[in-house]
Every structure is written in C-alpha cells, then in structure tokens.
Amino acid sequence: MRSALPNGKKSNTRSKKTVLLPKGKGVNHSPIPVVQAELDAPVPKTLLTSKQLREFKDLLLAKRSEMVRDVLTLTDEALYRQRDGFTNEHSAMPIHMADVGSDNWEQEFTLGLVENERARLREIDEALDRIEDKTYGVCLATYSPISLARLRAQPWTKHCIDYARMRDEGRLH
C-alpha cells in the first residue's frame, strides 16, 4: 500500500496495526502484526509438506462430500416435506393455524441450517483453493502459520487461533 510521506513522496511500506496478545499459559506475548486488507501483499507460501497438503485435501474433500449430501437432504426436508404420507401439497395442508405456524417455523429453521452448511461449503472450497495455491495453513490476517492441531480440528479455517480469539472477543478494530 502506498502512502504519502510528510515530504510528499510515496512510501511502499505496508500499514500494520500491532495487537498485543493476552497474557496466559501457552500464549506468545509478542505483538502480532494484523494485516488490514492489504490486497497488494501476497500471502506467504505454506510451510506444510506435500504429504500434509494431500492429507488435508483428502480430509476437506470428504467433509465437502458429506456436507453436500446433508444440504440436499435438509433442502428436501424443508421444501418437500411429507406430512401424513403425502407430499406438501394442498391435500396435506394442515387445518389448524397452530400447525401452519409450526410447519413454517420448522421450514425456516431447516432453511437456516441449509444456509449455514452452504457457508461452510464455501469455506471448504476456499481452503481447497488455498491448498492449490500453496498458501493453506497460513493465517490470512497475520500471515503466521496455523497450528496443525487447529487445522486438524477445523481444516477449513483461515485464521490462527490467536487472531480468531481476538476477533471473537471483539479486541480487533
């Protein structure tokens, strides 16, 4: 990112915000530079081996396949629910208004689950893209390596645990 210096010249330095991590067991006490939407700075290449990348790719593809099946099943349940052996058509419409409300609530709830699953599928696809680009396992905010334990627990993650905690606690601006 180019910024103007007091003398009017342009600087090629990247702007960073330094965030101190909380003190505690197992936490690095040094400042973490948090990159603020620096599209001009390329994400560093991964430190993971080819074997590890294949392992995570297989894991992500298996999870993706499972989630696609879940999304299809949930969508079918929400949109084409069966009631008393009939498909959701006029002949199976509930007569009581409370039943209509319950059916609508269940449908909205299921469609909300479907949207959550679709968002996770997008995250998985992005992680697969990062594997192909050889940037998988690098925090997209701090450019620090993401631990293997975190990647195994949540292979689609794009942030290291320290950054994710600070974001979840609202300590980032």
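**Close-up views of a predicted model**

**View 1. Thr75 and its contact with the backbone of Val71.** Thr75 is buried, with a relative accessible area of 16%, and this value falls below the 20% under which a residue counts as buried. In this predicted model, Thr75 belongs to helix H1, which covers residues 50-79. A polar atom of the Thr75 side chain lies 2.7 Å from the backbone oxygen of Val71.

**View 2. The chain as a whole, as a setting for the other views.** The predicted chain contains 4 helices and 6 strands, and these elements, read along the sequence, follow the pattern β-β-β-β-α-β-β-α-α-α. Of the 173 residues in the chain, 31% are buried. When contacts between residues at least 6 apart in sequence are considered, 57% of them join residues at least 24 apart. The chain exposes about 11,800 Å², and carbon and sulfur atoms supply 55% of that area.

**View 3. The largest nonpolar core and the surroundings of Leu60.** The largest nonpolar core has 23 residues, and the residues with the most contacts inside this core are Leu60, Ile131 and Tyr136. The elements that give two or more residues to the core are H1, helix H2 (97-133) and helix H4 (161-168). Leaving aside residues up to four places away in sequence, Leu60 touches Ile124, Ala127, Leu128, Ile131, Tyr136, Pro155 and Trp156. Two of the residues named for the most contacts inside the core, Ile131 and Tyr136, are therefore also among the residues that Leu60 touches, since a contact means heavy atoms within 4.5 Å.

**View 4. The aromatic pair of Phe56 and Tyr136.** The structure holds 1 aromatic pair. The ring centres of Phe56 and Tyr136 are 5.5 Å apart and the ring planes stand at 45°, so the pair is tilted. This pair links distant parts of the chain, because Phe56 is in helix H1 whereas Tyr136 is in the loop between H2 and helix H3 (148-153), with their positions 80 residues apart in sequence. Phe56 counts as buried at 0% relative accessibility, and Tyr136 is likewise buried, with a relative accessible area of 0%.

**View 5. Two buried cysteines, Cys139 and Cys160, without a bond between them.** The structure holds 0 disulfides. The cysteine sulfur closest to that of Cys139 belongs to Cys160 and is 3.8 Å away, which is too far for a bond, because a disulfide requires cysteine sulfur atoms within 2.5 Å. Seen from the other side, the sulfur of Cys160 has that of Cys139 as its closest cysteine sulfur, again at 3.8 Å. Cys139 counts as buried at 0% relative accessibility, and Cys160 is also buried, with a relative accessible area of 6%.

**View 6. The side-chain contact between Asp125 and Arg64.** Asp125 lies in helix H2 and is partly exposed, with a relative accessible area of 28%. The side chains of Asp125 and Arg64 are joined by a polar contact of 2.6 Å. Although these two residues are 61 residues apart along the chain, their C-alpha atoms are separated by 8.2 Å.

Definitions and conventions
Residues numbered from 1 in each chain as written. Predicted model: local features only at pLDDT ≥ 70, side-chain atom pairs only at ≥ 80, totals over all residues. Heavy atoms only, no water. Buried < 20%, exposed > 50% of the residue type's maximum accessible area, 1.4 Å probe, protein only. Areas by Shrake-Rupley, 256 points an atom, 1.4 Å probe, with all protein chains shown as cover. Polar contact = N/O pair within 3.5 Å; in protein donor to acceptor, adjacent residues only side chain to side chain. Core = buried A, V, L, I, M, F, W, Y, C linked by side-chain atoms within 4.5 Å. Phe/Tyr/Trp six-rings, centres within 6.5 Å; stacked < 30°, edge-to-face > 60°.
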